[in-house]
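Student: I would like to go through this structure and ask what justifies the terms used for it.
Tutor: Go ahead.

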Amino acid sequence: MKQLIELYRNWSGAEPARVERLAGAGSNREYYRFYSSDSIAAQEDNGVPATVIGVVGTSRDENHAFIYLTHHFTQRQLPVPEILAVSSDEVRYLQTDLGALSLFDAIRGGREAGGRYNQREKQLLVDTIRALPNIQIRGARGLEWENCYPQPEFDQDGVLFDLNYFKYCFLKATELDFHELKLEANFRMFAKDLTAEKSESFLYRDFQARNVMLVPTSDGQRLEPFFIDYQGGRRGPFYYDLASFLWQASAKYPQKLRRELIYEYYDSLKNYTEVPSERHFVGRLSLFVLFRILQVLGAYGFRGYFERKKHFLDSIPPAMDNLRGLLQMNPDIFPYPYMMDMLKRLTELPQFAHIEEPAINRADGYKTTDSNIYKTHPQDGPATFSKYDGKGPLVVRVYSFSYRKGIPEDESGNGGGYVFDCRSTHNPGRYEPYKKLTGLDEPVIRFLEDDGEILTFLDNVYELADVHVARYIQRGFTSLMFSFGCTGGQHRSVYSAQHLAEHIHEKFGVEVRICHREQNITQTLEAK
């Protein structure tokens, strides 16, 4: 906070008269409203706005994306806040104050009335949805996509990540029987279809009523929508944002209003780019509506079932209503027979009428089955989905390293694997008796195990590693990599890497190759 005030002082040339912390949103960023010394008088005299917003972020990359995108959108004269000042590390910045009225607050009455929006609220929605293509199409022109965070483009890997998030955080918690490999095969076809059309538009990613601020026009005659919180944006199809906005579970937009807003968006889009036929547009939009609903259910499952947050548990029934309505309206539009059969059975589960206790907390855990609960359909594709299936045998490589010298490279060419940071545990290297020893030496081992922090750390690693190794063996994968880093790559990382390697070899009998990089020590534990 002290550094943020210093940034304000350097920018404005004066101390703030008052600083007010604003309520947080869903991110880890902190927001503050800075008041100048004389409010309106100061603004007129020296050009300093009466109020500005100060932001402190925890992710430099995320901040960089927002700052870059905001500068770019400002140059394109789009309705976004203006960046006023940025710290050298991009952790803190100042932006113009767009006020306190969001679209979410402005249409609260219609939302609380169960979707009965009055004419004023409908007009605000129309103004917002017609403004969306402006930032999607004009905002994409000249944009350097490599500045986007966490990835520059909407792609199949990102889609599959979200679909599996839905599977593991929501679907499995319901105890619904399903064939995981058949579902995965349909997921991959779904991901391929979602990314089939290349697009040069800006995908906002989190386009919702909370991220639209309403600012009075200069004549005070109407409220103009301004956009915020687009730091997760990337290159991608414009359908995504429309689906995200109109099928937001808590908004409860009636279907008639949705149709009207889709028409308004389609009509506005014509002003910025060549549009597909209405039939094609509606078909593509339906794919993204289905994807967005599954994506949201995954988030609600994690926040509700796992983190026990009531707001997200309460959001599940309206999200399921959205899914139920989509399946009833377009029963034949989705060419994924197994997935659609599973989703239909999901909507029929009784617990979504009234959620009392999430299934994940029940004593019997997840319910799975080996029975053939679904008759194979030719469009399902094979019940396998990897070019590595059945190859084997698995070889596990375990590294220790120093963060000062960088993370070890993956020699297999597969990429991925796990990197664990041991620096949160007690460091024996701080004490003279251990400075010339390593994590393989008995005095260091005794120090770490007597302290106990490293044992708790490794318990969590073992739990994660065991599941992953077992799954890779089952699927016939050939390579898996674990790396442990610490300050010098000498004590904690060496101990952790050695013990995980021995644990995996003892439990699974696979070949494990150990490399203590900074100590120039290698070892192979042969397959049993």
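**Terms and their grounds**

Tutor: Helix α16 (residues 492-508) lies across β10 (395-402), β12, β13 (511-516) and β14, at about 155° to β12. The model is a predicted one.

Student: What makes β11 and β14 edge strands?
Tutor: The open sheet has five strands in the order β11-β12-β10-β13-β14, with mixed pairing. β11 (418-421) and β14 (521-525) each have a single partner strand, so one side of each lacks a neighbour in the sheet. From one strand to the next, the twist averages 15°.

Student: How do you know that β11 and β12 pair?
Tutor: Pairing requires at least two bridges between the strands. Four bridges join β11 to β12 (residues 479-486), so the requirement is met. The two strands run parallel, and Asp421 stands opposite Gly485 in β12. Helix α15 (residues 453-475) packs on this sheet, touching β11 and β12, and its direction makes about 165° with that of β12.

Student: Which pairing does the sheet with the order β1-β2-β3-β5-β4 have?
Tutor: That open sheet of five strands has antiparallel pairing. Its edges are β1 (18-21) and β4 (83-86), each with a single partner strand, so one side of each has no neighbour in the sheet. The twist there averages 25° from one strand to the next. Five bridges join β3 (residues 51-56) to β5 (residues 92-96), and the bridge partner of Val55 in β5 is Tyr93.

Student: Why are the buried residues of α1 said to line one face?
Tutor: Leu4, Leu7, Tyr8 and Ser12 of α1 are buried, with under 20% relative accessible area as the cut-off. Seen down the axis of α1, the buried residues fall within an arc of 115°, so they line one face of the helix. They pack against β2, β3, β4 and β5. The face turned away from the buried side carries Lys2 and Asn10, which are exposed. Helix α1 (residues 2-12) runs at about 50° to β5, and Gly13, which follows α1, has a positive phi near 85°.

Student: What describes the packing of α6 and α10?
Tutor: The axes of α6 (residues 119-138) and α10 (residues 255-269) come within 9 Å and cross at roughly 35°. The crossing is right-handed. Residues making the contact include Leu125, Ile129 and Leu132 of α6 and Leu257, Leu261 and Tyr265 of α10. By class, the contact has ten nonpolar, two polar and four charged residues.

Conventions: Residues are numbered from 1 along each chain as its sequence is written. This is a predicted model: local features need pLDDT of at least 70, side-chain atom pairs count only at pLDDT 80 or more; totals for chains, interfaces and linings use all residues. Side-chain values use heavy atoms; hydrogens and water are left out. Axes are lines fitted to C-alpha atoms, for helices over the stretch in contact, and angles run from 0 to 180 degrees between N-to-C directions. Contact means heavy atoms within 4.5 Å. A crossing is left-handed if the near helix is turned anticlockwise from the far one by less than a right angle, and right-handed if clockwise. Ala, Val, Leu, Ile, Met, Phe, Trp, Tyr, Cys and Pro count as nonpolar, Asp, Glu, Lys and Arg as charged, and the others, Gly among them, as polar. Buried means under 20% relative accessible area, exposed over 50%, partly exposed in between (1.4 Å probe, protein chains only). The arc is that of the directions from the helix axis to the C-beta atoms.
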